[in-house]
Amino acid sequence: MSMLPAGKVLAFAAQGERCCLGVRRAGRRLVCPYGAVLDGASARDQCARCAQLDRSRSVAADTMADDPRPYGVYLAYFGPGLLKVGITAAERGPARLVEQGAVAYAWLGRGPLMAARRAEALLGSTLGVPDRFAKAAKRAARGALPPVPDRVAELQQLHGAAQELAGWPETLQPVEFACADHTELFGLDRIPGEVAELGGMASGAEIVGEVLTGVGADVYLRLATGGEGERAAGCAGLGRAGGAGRGGGGVAVMDARMLSGWVLGATVGRVTTVPVRAVGPGAGEREGEGTGRQEGLF
């Protein structure tokens, strides 16, 4: 968030091929041994074989059940009716909630990994609380959020119902309700009701625009309109309304994960040449679908 403050001008072009970022081990990144090239339209930054290696020792894939760290169970709010349950290592604090772009959240319990997993499964089976939402659904909800008290009330109701469930894991310590809201952190009031969506990068594709705000991996940009006399460096002539098309101005949201693996260089032109498309109902994939994993969970 601090690296992309509101008002910052972005102007960059994708160069060469998008390469797999390899595997992270012992706090450092190991280069992909296969030299794999990735699809520019995917949020995944690893090839299938590196992703499989990562999951061979992963809490997210349930292949690291012996993790001794304490875990927190949380309820995350993304919009009316969009509440999910999840777990994260207690040492990470709210980092996972920020990564997901949660509008608000509340801690539900804290304890050993497997107890946290059982609580997560219990909410899913008895209360129908999901563990993920579609990226498109979360984006759509941000443009029409209810007042903060309404968000708090919805979270509090679910929090109370969850802690009254029979079968609550004995080793999971309940946490009293306290709501944290990310309105100010994310600058949610700077997101307009109508927002287009940037498509995948390709070699030579350029993005030029001014940062409005960032929510998790999503960056909201006011795109350059390409007006006559526009200065690329200053982005004079940036659009002021929603819209779609190539270099057509307006506000669009970019999944910053799609930039991973590219070499980014200076732009040649003055407008965005990445496809810009209108966002309609049902667009997008469920978070983690198509990749076989969720990223940065713990």
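How many bridges join strand S4 (residues 71-79) to S5, and in which sense do the two strands run? In this predicted model, eight bridges join S4 to S5, and the pair runs antiparallel. Within this pairing, Leu75 has Val85 of S5 as its bridge partner. The two strands form a hairpin with two residues between them, and Gly81, located in the turn, has a positive phi of about 80°.

Strand S5 (residues 82-89) is largely enclosed by the rest of the structure, because eight of its eight residues are buried. In a regular strand, side chains alternate between the two faces of the sheet. In S5, Leu82, Lys84, Gly86 and Thr88 point one way, whereas Leu83, Val85, Ile87 and Ala89 point the other way. Residues of both sets are buried; Val85, the bridge partner of Leu75, is thus one of the buried residues of this strand.

A further element of the model is an open sheet of seven strands with mixed pairing, in the order S13-S1-S10-S11-S12-S9-S14. Its edge strands are S13 (263-265) and S14 (276-277), each of which pairs on one side only. Strands of a sheet pair through backbone hydrogen bonds, in either a parallel or an antiparallel arrangement. Strand S1 (residues 9-15) and strand S10 (residues 206-215) adopt the antiparallel sense, with five bridges between them. The bridge partner of Leu10 in S10 is Gly209.

Gly265 belongs to strand S13, an edge strand of the sheet. With a relative accessibility of 15%, Gly265 falls under the 20% cut-off and therefore counts as buried. Beyond four places in sequence, Gly265 touches Ala11, Phe12, Ala13 and Gln15. Gly265 and Glu206 lie 59 residues apart in sequence, with a C-alpha to C-alpha separation of 9.2 Å.

As to confidence, the protein chain has an average pLDDT of 85, and 81% of the residues score at least 70. Confidence is highest in strand S6 (residues 104-111), at a mean of 98, and lowest in strand S2 (residues 23-25), at 84. Two segments have low scores: pLDDT stays under 50 over residues 228-248 and also over residues 281-298. For residues 228-248 the model has 54 contacts beyond four places in sequence, and for residues 281-298 it has 50 such contacts.

Methods: Residues numbered from 1 in each chain as written. Heavy atoms only, no water. Pairing = 2+ DSSP bridges. Helix = DSSP H or I, 4+ residues; strand = E, 2+ residues; numbered from the N terminus. pLDDT = per-residue confidence, 0-100. Contact = heavy atoms within 4.5 Å. Buried < 20%, exposed > 50% of the residue type's maximum accessible area, 1.4 Å probe, protein only.
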